[in-house]
2 protein chains.
Amino acid sequence: MSDDLPTADDVLAAAARIAGHASLTPVLRSRTLDALAGCELHFKGEHLQRGGAFKFRGACNAVWSLPEAEAGRGVVTHSSGNHGAALALAARSRGIPCHVVVPDGAVAAKLANIQRHGATLWRCEATQAAREATCAQVQASTGAHLVHPYADARVIAGQGTAALELVAQAGIPDIVVVPVGGGGLAAGTALALASAAPGCRLVLAEPAGAADTARSLTAGERRIDFVPDTVCDGLRGALGAPNFALLQASGAEAIVVDDAATLAAMQLAWQVLKQVIEPSSAIALAAVLAEPARFAGRRVGVVLSGGNVDLGALPWRG
Amino acid sequence: MSDDLPTADDVLAAAARIAGHASLTPVLRSRTLDALAGCELHFKGEHLQRGGAFKFRGACNAVWSLPEAEAGRGVVTHSSGNHGAALALAARSRGIPCHVVVPDGAVAAKLANIQRHGATLWRCEATQAAREATCAQVQASTGAHLVHPYADARVIAGQGTAALELVAQAGIPDIVVVPVGGGGLAAGTALALASAAPGCRLVLAEPAGAADTARSLTAGERRIDFVPDTVCDGLRGALGAPNFALLQASGAEAIVVDDAATLAAMQLAWQVLKQVIEPSSAIALAAVLAEPARFAGRRVGVVLSGGNVDLGALPWRG
């Protein structure tokens, strides 16, 4: 794991590095949602990214940053889903092996993606300790290089490229809202905005059942002792150390959202935007709708981070 | 009801008439679906049209074709859903009243759209006779002008503008596939292709439980005596007379698809394209997947006609 803090220049370098591989995802608008939210919403459609989530950006930047000799031994990670699929896809784009350690209870659609993209799957118990131990075993036996899902400078820099694109496509927003779990997207977005859109505020949408980032920012130090309890399966990870450092420096603010509001926003996005987004994405729209005064009349960028959902097990009565 | 046959020029005129009101919908691509289908698929995203379906094009063309004096008395139609919502929206764009006769059993999401767009709702039994009788009553009492959902030259011409745009956006396809119910979109597409993409074949995707168009084209005369039985709620109407005439002249061919294949294609589109499309749209993708030899290696335009679905009552185990 690399704990060095990435810089805004690293985000620019990442954008150049992944340009041939990642999709330039569209920015979506909706008159209906603008009217409902009382602001101008620009949705960056990362659910339309390769692998169905922004995660491909960071994974691709990490894979293509590796020196040739090291790359040949492959990459390994632990992931409940989107990062694993993204790393598998990124590894395949370079023709190197990929190993993914998957905790029990992961979303079936995400597991299927990981395997479809050619990675080797390693199952383990759903604890942080089991994930790290299994990962270390795979590293030892294969020599594969660890690409942590979020506490990694190359991954953070790669995730920041989504916000760079958003600013280029839609102009400088007043506020950008992203979901926060481990903080890869959040920290990368903070870096990107600091250089491409100074003055733009960063708001983090975080589930009430995994609100370690909100607590950490309030406390002024990382507070990650919690048992996640949220429908947002992509946001259950604990805030990373470099991620916290970057978010604290950026002045980002968190909005804590309960799962009921997230699911309501998810249905709204499906109905009105006609986009299949996962709960971990919908939380960003839920945050905007939860605190209308904060966004009234502003130009708001919202990163729709992913769209990998089990259609056979939707989180509402189907 | 206007039975005059529209021409390719009427489609061009419609495009100019609705330009300020209708959305230019995007054309979507997918590496995964191209690989699966063995051809190059260009999806015209009419589920992203205003009102959530291509129907706004025809309704808008009809509403804005009315002479000023007649327009003031408003418009009326009978519709199980998308045309009703589209006419309501079109009427509102001109500031005139709209009445919609809705048969029992219509999809709740579509009824909600009709009311949200400001139309007056009139319920009736789910028979063709009841629909037409109620419609005539409303006409008599309000003086409103009837805009038939599909057997209307202005509506057909309006629906054809989607294919015009597809050709302009994606280049001339070898084949275009559209769903067929009453035949408004199908007939309009035939007109548009005849002038904008001569040589391009038109394929109609039709549910096995409402295959009157396939039967009519085979018989060489309209065969519309059937009781619809299909999950494609937008395709239950009987092929219109002008629609049949235009389709027969165009040499269009039908592919008949059973509901199971349509639902599988719908789930595939949700999972891979991340787009919420309704069964009546998914049938076009299902038709391509059902007869791969017919499409192998070709450039295929597929009109995703609408995305209005009851999320609380999905046609699979949620």
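**Two chains and a strand in chain B**

Hi everyone, let's start where the chains meet: 18 residues of chain A are in contact with 18 residues of chain B. On chain A's side, the largest share comes from helix H13, residues 259-273, which supplies three residues. If you sort the chain A residues that touch chain B by type, you get eight nonpolar, eight polar and two charged. Please keep in mind that this is a predicted model.

Now let's move into chain B, to strand S7, residues 175-179. How many of the five residues of S7(B) are buried? Four are, so this strand is largely enclosed by the rest of the structure.

Who are its partners? S7(B) pairs with S8(B) in the parallel sense, over five bridges, and there you can find Ile175(B) opposite Arg201(B) of S8(B). S7(B) also runs parallel to strand S10 of chain B, residues 299-304, with three bridges joining the two. Look at Val176(B) here: its bridge partner in S10(B) is Gly301(B).

To trace the path between S7(B) and S8(B), follow helix H10, residues 184-196 of chain B; together the three elements make a right-handed β-α-β unit.

S8(B) comes up once more when we turn to helix H11 of chain B, residues 212-219. The buried residues in this helix are Asp212(B), Thr213(B), Ala214(B), Ser216(B) and Leu217(B). What do they pack against? Strand S8 (201-207), helix H12 (241-250) and strand S9 (253-257), again in chain B. Right after H11(B) comes Gly220(B), with a positive phi near 80°.

That's the tour, thanks for listening!

Technical notes. Residues numbered from 1 in each chain as written. Chains lettered and ligands numbered in written order. Predicted model: local features only at pLDDT ≥ 70, side-chain atom pairs only at ≥ 80, totals over all residues. Contact = placed C-beta atoms within 7 Å. Nonpolar A, V, L, I, M, F, W, Y, C, P; charged D, E, K, R; others polar. Buried ≥ 20, exposed ≤ 12 C-beta atoms within 10 Å, placed from the backbone. Pairing = 2+ DSSP bridges. Right-handed = clockwise from strand over helix to strand, strands pointing away.
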